[in-house]
Amino acid sequence: MYGTIRWASSTPRFRRTIWVGDSSSTSSSSSCALEEVKNGNLEAAIDQLLNAEKQMRFAGDVAGTKKAVTDILQLCFEAKDWKSLNEQIVNLSKKRGQLKQVVTAMVQQAMQYIDETPDLETRIELIKTLNSVSAGKIYVEIERARLIKKLAKIKEEQGLIAEAADLMQEVAVETFGAMAKTEKIAFILEQVRLCLDRQDYVRAQILSRKISPRVFDIDSSKEKKKPKEGDNVVEEPPADIPSLLQLKRIYYELMI
């Protein structure tokens with residue numbers, strides 16, 4: 001839908017045409033894209049969705065832009081075209097005026113594909129792509145920390161303890177207001193453990209001081225307290241994060 005604005009002036013009139021967003025066009029583009037995929041033309045399908053994404057982004061339509069972006073990633077994933085997936089993640093993140101909510105949704109969705117990658121090389125490439133996209137963006141700092149942790153685990157399994165330790169030390173989770181307490185503690189304990197494994201005892205001691213033993217004292221009144229207006233909304237920790245009691249045991253085992 002287009003609208004015309006006329007500027008009142010004694011000088012010759014100027015016209016400015018503006019785009020008014022319509023999220024229904026995204027759904028229409030998605031349907032057309034699916035038809036292209038059925039015909040074996042992934043590139044044409046992506047181009048259609050990219051046009052819809054551009055229109056929604058310029059209109060400031062967060063929901064419409066999210067839909068177009070996530071549909072693009074899903075098409076690449078379903079086609080098992082990992083190269084295109086990485087390219088589109090980088091491409092979409094660099095679009096002029098790209099919305100923060102869209103980048104967050106894109107990173108979160110692509111992270112779900114990591115465990116579905118066909119081999120280790122593809123997995124590492126996807127993690128590195130997402131890591132580069134999220135670097136320096138405070139609104140996806142938690143996602144980046146989780147990506148770093150995944151990559152460090154791979155390095156450790158490859159016997160590259162020093163590289164794994166260096167990766168983990170890139171992130172200072174103690175400054176993340178929206179990260180759950182248990183996830184912060186678990187991350188720091190991993191940093192300490194890797195430093196001990198590489199026999200870097202000085203660094204391990206410095207990192208261990210970021211955790212006060214008092215943090216393991218559960219205050220049920222604070223845990224259940226509703227956040228006030230303006231407070232950071234704390235995210236739920238992933239399912240694989242140990243409980244506070246388990247983290248306490250790990251902490252004292254490392255300190256021995």
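Lysine 80 counts as partly exposed, at 46% relative accessibility. I start there, and I should say at once that this is a predicted model. The residue sits in the loop between helix 3, residues 62-78, and helix 4, residues 82-93. Its phi is near 60°, a positive value in a residue other than glycine.

There is another case of this kind in the chain. Glutamine 199 has a positive phi of about 65°, although it is not a glycine. Glutamine 199 belongs to the loop between helix 9 and helix 10, the latter being residues 201-208. With a relative accessible area of 58%, glutamine 199 is exposed, because the cut-off for exposed is over 50%.

Next, a helix pair. Helix 5 covers residues 100-111 and helix 6 covers residues 120-134; the two pack at an angle of about 165°, and their axes are 11 Å apart. Angles over 145 degrees count as roughly antiparallel, and helix 5 and helix 6 are therefore roughly antiparallel to each other. The crossing of helix 5 past helix 6 is left-handed. On the helix 5 side, the contact is made by Val103, Met106, Val107, Ala110 and Met111; on the helix 6 side, by Leu126, Leu130 and Val133. What is the make-up of this contact in nonpolar, polar and charged residues? It divides into 8 nonpolar, no polar and no charged.

One residue of that contact deserves a slide of its own. Leucine 130, in helix 6, counts as buried, at 0% relative accessibility. Leaving aside neighbours within four places in sequence, leucine 130 is in contact with Ile89, Val107, Ala110, Met111, Ile114 and Leu147. Val107, Ala110 and Met111 are among the helix 5 residues I listed for the helix contact. As for Leu147, it is 17 residues from leucine 130 in sequence, and the C-alpha to C-alpha distance between them is 7.6 Å.

Last, a glutamine inside helix 9. Helix 9 spans residues 181-197, and glutamine 191 is in it. Is glutamine 191 buried or exposed? It is buried: its relative accessible area is 2%, and the cut-off for buried is under 20%. What lies 3.0 Å from a polar atom of its side chain? That is the backbone oxygen of valine 171. Setting aside neighbours within four places in sequence, glutamine 191 is in contact with Met168, Gln169, Val171 and Leu207.

To go back over the two glutamines: glutamine 191 is buried, whereas glutamine 199 is exposed. That is what I have for today.

Conventions:
Residues numbered from 1 in each chain as written. Predicted model: local features only at pLDDT ≥ 70, side-chain atom pairs only at ≥ 80, totals over all residues. Heavy atoms only, no water. Axes fitted to C-alpha atoms, helices over the stretch in contact; angles between N-to-C directions. Helix = DSSP H or I, 4+ residues; strand = E, 2+ residues; numbered from the N terminus. Parallel < 35°, antiparallel > 145°, perpendicular 65-115°, else oblique. Left-handed = near helix turned anticlockwise from the far one by under 90°. Contact = heavy atoms within 4.5 Å. Nonpolar A, V, L, I, M, F, W, Y, C, P; charged D, E, K, R; others polar. Buried < 20%, exposed > 50% of the residue type's maximum accessible area, 1.4 Å probe, protein only. Polar contact = N/O pair within 3.5 Å; in protein donor to acceptor, adjacent residues only side chain to side chain.
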